[in-house]
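Visitor: I am new to this structure and should like to understand the terms used to describe it. May I see it first?

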Amino acid sequence: MVIPLKKTTQKGEPYLRRAEIEHVLNELAGLPANQLVDRLKCSQKIIPFEVFIYYLRHPELALGAEHLNPIFTVFYDRLEAALRKTVSDSQFDNAAAIREEIAERVVEMIAEDRNSQDEKMYYWETNFNHALANFRKDVLRSIGPARESDPLINAEPLTYEDEHGHEIKPEVDIAAADFINPNPSKLDDSAFRSRLMDTINMLPTNERRAVGLLLQGMQIESQDPKVMTISKALDCTERTVRNRLGRAYEKLRIALQVEDI
Amino acid sequence: MNTTSRASRSDVLHAFSAEANPNADTLARYLKRYPQFRESLIDLSIELFAAPSLDEIPADTVPSDNAKRAWSTFQSRLCPTDPASAASRTAENPLSSLSDQRFRELADELNINRLFLSRFRDCSIQVTSIPQKFLLRLAEALAVTFEGLKHALEAPPTVASGQRYKASGKPSAGNKITFEDALTQSGLSEQQQAALRSMKD
């Protein structure tokens, strides 16, 4: 049987993992330890990170060192590879040290959760990508800027226009459609995505939200009152949305030092 | 998804992050249903969208020594009672890693019951009192060496794994009992007891 998350909703129901994770856990639940290890080690059918956290975090599963060690090793090797992409040498001066710190602290947290009855890492079993992204953000914040020459830190705001679109420089008042033309192969690249997202996270809240919604494919406006749009979600006019996007775009372009985002 | 208006912010956010494929449509649905958490939902949706997909990044084909070092650190941090802890000798006991089904089958193969077999798993029998013949049969059935099995059974007795994590105090397993005591205190039939006694050296 798969161990449910201990954290519960207000109604007392256990929090759920993503359906995909529950499915894999159910599939693996009945396997003898040797076969379980083989499945987790298999490079043909990649098992999600969340599943590794599940097996590493729960001593109730009674996996001895001889079985937990190979599971841990696969997990750690994959974690290191993931960190090499998301904390890349090209982005950070001291990337290796940052990666090491993140990996060490993740391992520390798993051991702590395993030893205690705490449920600190329950979310890592639900959405590992997001949990690690947040953790990485916290570690980076505690370390400081990526490097002194970080473009965004030294970037001068191009305009100080107000929300209603006055005094917008013509070159930044661009159509959002021209701006976000997500190149799928680029967005699929974890390293580029990490950089893009780091930069988006440094934008003022209003701009970050506008960009974030647009990137997810939400329309800026719609004639159909039933359709959710960015301007509805952010409770502002379409013009304001476009202004925020325009300002954000300029900053992103400078920070990422690329012509086409 | 919970439709009650009493759903807490963290419940709603967790439900959103556990959605199979959160996208703009999913977000729109949540925004309509939970307008009170509008900003939190928008921020969460951006974070989820932004998080790189890490499962697709392949590990190096040659594992690094870092993993070995990290494992040592990890293992050394575990409670001594943890089945994977370096201090835990039960980890070496081949009986402790058997599935429930295999454990049952093994008991049947050896013509004993599960309680009796669990005394071996929990290292609660004095090894010197166990007939060699029985140890040999057990080692053979587990596909481990006689010496290896003997060594594992010499470990300090442990409490049953089901109790190990519920106890609020320090687990206590008491002293080891003799093979003879185990024979008479495990609910074995007369016939089973006689068969086991006949193995005595």
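Visitor: What makes A:L40, A:I47, A:I71 and A:F75 contacts of A:F52?

Guide: Two residues are in contact if their C-beta atoms, placed from the backbone, lie within 7 Å. A:F52 touches these four residues, not counting residues up to four places away in sequence. This is a predicted model, in which local features need pLDDT of at least 70 and side-chain atom pairs 80 or more, while totals for chains, interfaces and linings use all residues. Residues are numbered from 1 along each chain as written, and chains are lettered from A and ligands numbered from 1 in written order.

Visitor: Why is the set of 79 residues called a nonpolar core?

Guide: The name applies because such a core is a set of buried Ala, Val, Leu, Ile, Met, Phe, Trp, Tyr and Cys residues joined through C-beta atoms within 7 Å; buried requires 20 or more other C-beta atoms within 10 Å of a residue's own. In this largest core, A:F52 and A:I71 touch the most other members. Helix α4 (residues 65-86) of chain A gives the most to this core, nine residues.

Visitor: How do you know which helix of chain A has the lowest confidence?

Guide: The predictor's confidence in each residue is pLDDT, from 0 to 100. Among the elements of chain A, helix α8 (residues 176-179) has the lowest mean, 40, and helix α3 (residues 49-57) the highest, 97. Helices are DSSP runs of H or I with at least four residues, numbered from the N terminus. Over residues 148-179 of chain A, pLDDT stays under 50. Where pLDDT is low, the predicted coordinates should not be read in detail.

Visitor: How many residues of each chain form the contact between them?

Guide: Chain B supplies 52 residues and chain A 60.

How values were computed:
A residue is buried if 20 or more other C-beta atoms lie within 10 Å of its own, exposed if 12 or fewer, and partly exposed in between; C-beta atoms are placed from the backbone. Helices (H or I, at least four residues) and strands (E, at least two) are DSSP runs, numbered from the N terminus.
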